Amino acid sequence: MSRFESGGTADAIYRFDVLILSPRRNEMLRIFSFVSEEKILDIIRVENLRHVYKSSSGDKVALDGINFSIAEGEFVAIIGNNGSGKSTLAKHFNALLLPTSGKIFIDGFDTSDEKNLWHVRENVGMVFQNPDSEIVAAIVEDDVAFGLENLGIAPEKIRERVDLALDAVNMSDYKNFSPSKLSGGQKQRIAIAGVIAMQTKIIVFDEPTAMLDPQGRREVLSMVKKLHAQGKTIIYITHFMEEAAQAQRVFLMEGGKIIKNDTPREIFSNVREMKRLGFSVPVAAELAERLRKKNFKLPPKILTADELAEALK
Ligand SMILES: Nc1ncnc2c1ncn2[C@@H]1O[C@H](COP(=O)(O)OP(=O)(O)OP(=O)(O)O)[C@@H](O)[C@H]1O
Ligand SMILES: [Mg+2]
């Protein structure tokens, strides 16, 4: 199946050549050509995705009719209470799990078509919650190189990519260290370096800061923002609302469905509803709401401390 038959994504440039056969010289002559530029920007498209875990104790519907598109270069955060289906969805992006029904297309490639597996994995890097379970080698640089060796890339190219990736996460000084000697935040940065070295267009983070202290959390989030600024498409699952507030778009999951898909400003400024759904909101949004109740005249939809400070001037 070609990527465009699948309703494909990515920027596609078609060139049409009109050719005639020259009778005398027995060759093809191009009489004219034109270029049609079709911008199809969705790098991820999910259609009616449903996932059911089957076990002896019964079936569990973990995803139930999910639909969305993500444009190349977007930064999307996914929030939701425990068991709402976030990790199940994350594992569909690189075909670790396949839909029970429905479809997911990565850069136009249907993940459930086995022929596309290589293209899908080449496009999607994953960073999970527990850095210890992601480290596979005894030395930092070997760990970062691991995925590349599996792709069959030449050794000198691997060295170059590993050095660049370690530099990008500010861990070059540790390249000969044993990962076991690193802090949790440093281990996560090594895991991120491994994904950077793979040069995937999409990076999916499943609660990468859940096991880190505030300093480690800040380091990882700043790495994520840097990767987004460089043009990567980011899917970022988190239980920290302050982190989600920094994305361009937030999906809120509940019971295997996406019940909200909006900007962080729209989602988090609705303080009362978020609380009803069992979520906190960023501190500035919460404080603004409390001040409004005390009759402070504040503009609507305050999200950040800077905006609140400005409004209180
Ligand atoms: N391998 C599995 N077999 C059976 N049920 C599963 C399996 N993995 C997850 N589930 C169930 O599917 C639902 C969604 O789980 P999932 O791990 O996707 O939630 P989550 O939103 O990532 O939760 P958390 O915030 O705790 O990480 C839950 O009810 C969970 O118990
Ligand atoms: Mg999870």
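Two strands pair if DSSP finds at least two bridges between them. With that in hand, here are some close-ups of this predicted model.

**Figure 1. The whole chain, to get your bearings.** Before zooming in, take in the overall make-up of this predicted model. Its secondary structure comes to 12 helices and 12 strands. The chain has 313 residues, and 38% of them count as buried. Now look at contacts with a separation of 6 or more: residues 24 or more positions apart account for 62% of them.

**Figure 2. An open sheet made of four strands.** Here 4 strands line up in the order β4-β3-β6-β7, with antiparallel pairing. The edges belong to β4 (58-71) and β7 (109-110), each of which pairs on one side only. Further in, β3 (residues 42-55) and β6 (residues 101-106) are joined by 5 bridges and pair in the antiparallel sense. To pick out one spot along this pairing, find arginine 50: its bridge partner in β6 is serine 101.

**Figure 3. Helix α1 lying across the strands.** Residues 86-93 make up helix α1, which lies across β3, β4 and β6. Against β4, the helix runs at about 60°. How many of the residues of α1 are buried? The count is 6 of its 8, so the helix is mostly covered by the usual cut-off of 20 or more other C-beta atoms within 10 Å. The buried ones are Lys86, Thr88, Leu89, Ala90, His92 and Phe93. As a bit of background, an α-helix has 3.6 residues a turn, so residues three or four places apart point the same way. Just after α1 comes alanine 95, with a positive phi of about 60°.

**Figure 4. The shell around ligand 1.** Which residues sit around ligand 1? Going along the chain, they are Tyr53, Ser55, Lys60, Ala62, Gly80, Asn82, Gly83, Ser84, Gly85, Lys86, Ser87 and Thr88. By character, the shell splits into 2 nonpolar, 8 polar and 2 charged residues. Three elements, β3, β4 and α1, each supply at least two residues. The biggest giver is α1, with 3 residues. Two names here may ring a bell from the previous figure: Lys86 and Thr88 are also among the buried residues of α1.

**Figure 5. Strand β10, covered on both faces.** This view is centred on β10 (residues 233-237). All 5 of its 5 residues are buried, so the strand is largely enclosed by the rest of the structure. In a regular strand the side chains alternate between the two faces of the sheet. On one side of β10 you'll find Thr233, Ile235 and Ile237, and on the other Ile234 and Tyr236, with both faces covered. Strand β5 (residues 75-80) pairs with β10 in the parallel sense over 4 bridges. In that pairing, valine 76 stands opposite isoleucine 235.

**Figure 6. From β8 to β9, and over to β10.** Both faces of strand β8 (residues 124-127) are covered too: Val124 and Met126 are buried on one side, Gly125 and Val127 on the other. β8 runs parallel to β9, and 4 bridges join them. Look for glycine 125, which stands opposite isoleucine 203 in β9. β9 also pairs with β10, in the parallel sense and over 5 bridges. There, phenylalanine 205 stands opposite tyrosine 236. To get from β9 to β10, the chain passes through helix α7 (residues 214-229), and this β-α-β crossover is right-handed.

**Figure 7. Two loop residues with positive phi.** Most residues other than glycine have a negative phi. Glutamine 199 has a positive one, near 55°. You'll find glutamine 199 in the loop between α6 (184-198) and β9 (202-206). Asparagine 295 has a phi near 70°, again a positive value. This asparagine lies in the loop between α11 (283-293) and α12 (305-311). Is asparagine 295 buried or exposed? It counts as exposed, because it has 6 C-beta neighbours inside 10 Å and the cut-off for exposed is 12 or fewer. Glutamine 199 has 15 other C-beta atoms within 10 Å, so it is partly exposed.

**Figure 8. Aspartate 142 and valine 162.** Aspartate 142 lies in helix α4 (residues 140-151). With 15 other C-beta atoms within 10 Å, aspartate 142 is partly exposed. Valine 162 is 20 residues apart from aspartate 142 along the chain, and their C-alpha atoms are separated by 8.7 Å.

Key: Residues numbered from 1 in each chain as written. Chains lettered and ligands numbered in written order. Predicted model: local features only at pLDDT ≥ 70, side-chain atom pairs only at ≥ 80, totals over all residues. Contact = placed C-beta atoms within 7 Å. Axes fitted to C-alpha atoms, helices over the stretch in contact; angles between N-to-C directions. Near = placed C-beta within 6 Å. Nonpolar A, V, L, I, M, F, W, Y, C, P; charged D, E, K, R; others polar. Right-handed = clockwise from strand over helix to strand, strands pointing away.
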